[in-house]
Amino acid sequence: MSVPELTAEETAALLAAHPAWELAREGKAIARTFRFRDFSEAWGFMSRVALLAEAQDHHPEWFNVYNRVEVTLTTHDAGETGGLSARDARMAAAIEALLA
Ligand code: H2B
């Protein structure tokens, strides 16, 4: 529980920088649903995000059905019970960069 949570201003900046993401869990997380052509492309995306997650030691919560991947980013080590931190902002930016 040692990671500082984003301030309201920092959270607003995060959403402005990545408008496809939305706040979830009463502001404690951000979420985005990705759709791909098929399962193979979805799994390829997940594989690349998994490598990012290991490199950043920051791991997404996600749910996959065929070509759809729902990603939730939150920091378990932030706040009392988890919250948004700079780690989530960095991961969101890295995921966006994968798809750019
Ligand atoms: N992922 C996420 N989403 N939040 C965390 O707080 C977190 C993590 N902490 N991955 C890391 C691992 C921590 O448990 C290890 C010990 O560094």
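Reader: Which residue of strand 4 stands opposite R32?

Author: Happy to start there, keeping in mind that this is a predicted model. Strand 2 and strand 4 pair in the antiparallel sense, over six bridges. Within strand 4, the residue opposite R32 is V71.

Reader: In what order do the four strands line up in the open sheet?

Author: Let's build it from the pairs. Strand 1 and strand 2 are antiparallel partners over three bridges, and six bridges link strand 2 with strand 4. Strand 4 is in turn joined to strand 3 by five bridges, also antiparallel. Put together, the open sheet has the order 1-2-4-3.

Reader: Which strands are the edge strands of that sheet, and what does the twist average from one strand to the next?

Author: In the order 1-2-4-3, the edge strands, each pairing on one side only, are strand 1 (22–24) and strand 3 (61–65). From one strand to the next, the twist averages 25 degrees.

Reader: Which residue takes a positive phi in the hairpin of strand 1 and strand 2?

Author: First, the register of the two strands: E22 is opposite A31, and A24 has A29 as its bridge partner. The hairpin leaves four residues between the strands, and the one with a positive phi, near 50 degrees, is R25.

Reader: And which residue takes a positive phi in the hairpin of strand 3 and strand 4?

Author: On that side of the sheet, E61 has T72 of strand 4 as its bridge partner. Two residues lie between the strands of this hairpin, and the positive phi, near 50 degrees, belongs to Y66.

Reader: At about what angle does helix 3 run to strand 2?

Author: Both helices are worth a look here. Helix 2 packs on the sheet through strand 2, strand 3 and strand 4, with its direction at about 165 degrees to that of strand 3. Helix 3 lies across strand 2 and strand 4, and its angle to strand 2 is about 15 degrees.

Reader: Which element gives the most residues to the largest nonpolar core?

Author: This core has 20 residues, and W21, F45, V71 and I95 touch the most other members. At least two residues each come from strand 2 (29–35), helix 2 (39–56), strand 4 (68–73) and helix 3 (86–99). With six residues, the element that gives the most is helix 2.

Reader: Which of the residues that touch the most other core members does V71 itself contact?

Author: As a backdrop, nonpolar side chains in soluble globular proteins tend to be buried together. Setting aside residues up to four places away in sequence, the contacts of V71 include I30, A31, R32, F34, P60, E61 and W62. Its contacts also take in three of the residues in question, namely W21, F45 and I95.

Reader: Which side chain comes within 2.8 Å of a nitrogen atom of the ligand?

Author: The ligand is surrounded by D57, H58, H59, T74, T75, H76, D77 and R87. Two backbone approaches involve ligand oxygen: one from a backbone N or O atom of H76 at 3.1 Å, and another from a polar backbone atom of D77 at 2.9 Å. The 2.8 Å distance to a ligand nitrogen is made by an N or O atom in the side chain of H59.

Reader: T75 is also around the ligand, so which side chain joins it in a polar contact of 2.7 Å?

Author: T75 sits in the loop between strand 4 and helix 3. It counts as buried because its relative accessible area is 1%, which falls under the 20% cut-off. Beyond its neighbours within four places in sequence, T75 contacts residues including V3, H58, G82 and R87. The 2.7 Å side-chain contact is with S85.

Reader: Is T81 buried or exposed?

Author: T81 lies in the loop between strand 4 and helix 3. Its C-alpha atom is 9.0 Å from that of K28, although 53 residues separate them along the chain. Because its relative accessibility is 74%, over the 50% cut-off, T81 counts as exposed.

Reader: Is H18 buried or exposed?

Author: H18 is in the loop between helix 1 and strand 1. Aside from residues up to four places away in sequence, H18 touches A89, A92, A93 and E96. Because its relative accessible area is 14%, under the 20% cut-off, H18 is buried.

Terms used:
Residues numbered from 1 in each chain as written. Predicted model: local features only at pLDDT ≥ 70, side-chain atom pairs only at ≥ 80, totals over all residues. Heavy atoms only, no water. Core = buried A, V, L, I, M, F, W, Y, C linked by side-chain atoms within 4.5 Å. Buried < 20%, exposed > 50% of the residue type's maximum accessible area, 1.4 Å probe, protein only. Contact = heavy atoms within 4.5 Å. Pairing = 2+ DSSP bridges. Axes fitted to C-alpha atoms, helices over the stretch in contact; angles between N-to-C directions. Near = heavy atom within 4 Å. Polar contact = N/O pair within 3.5 Å; in protein donor to acceptor, adjacent residues only side chain to side chain.
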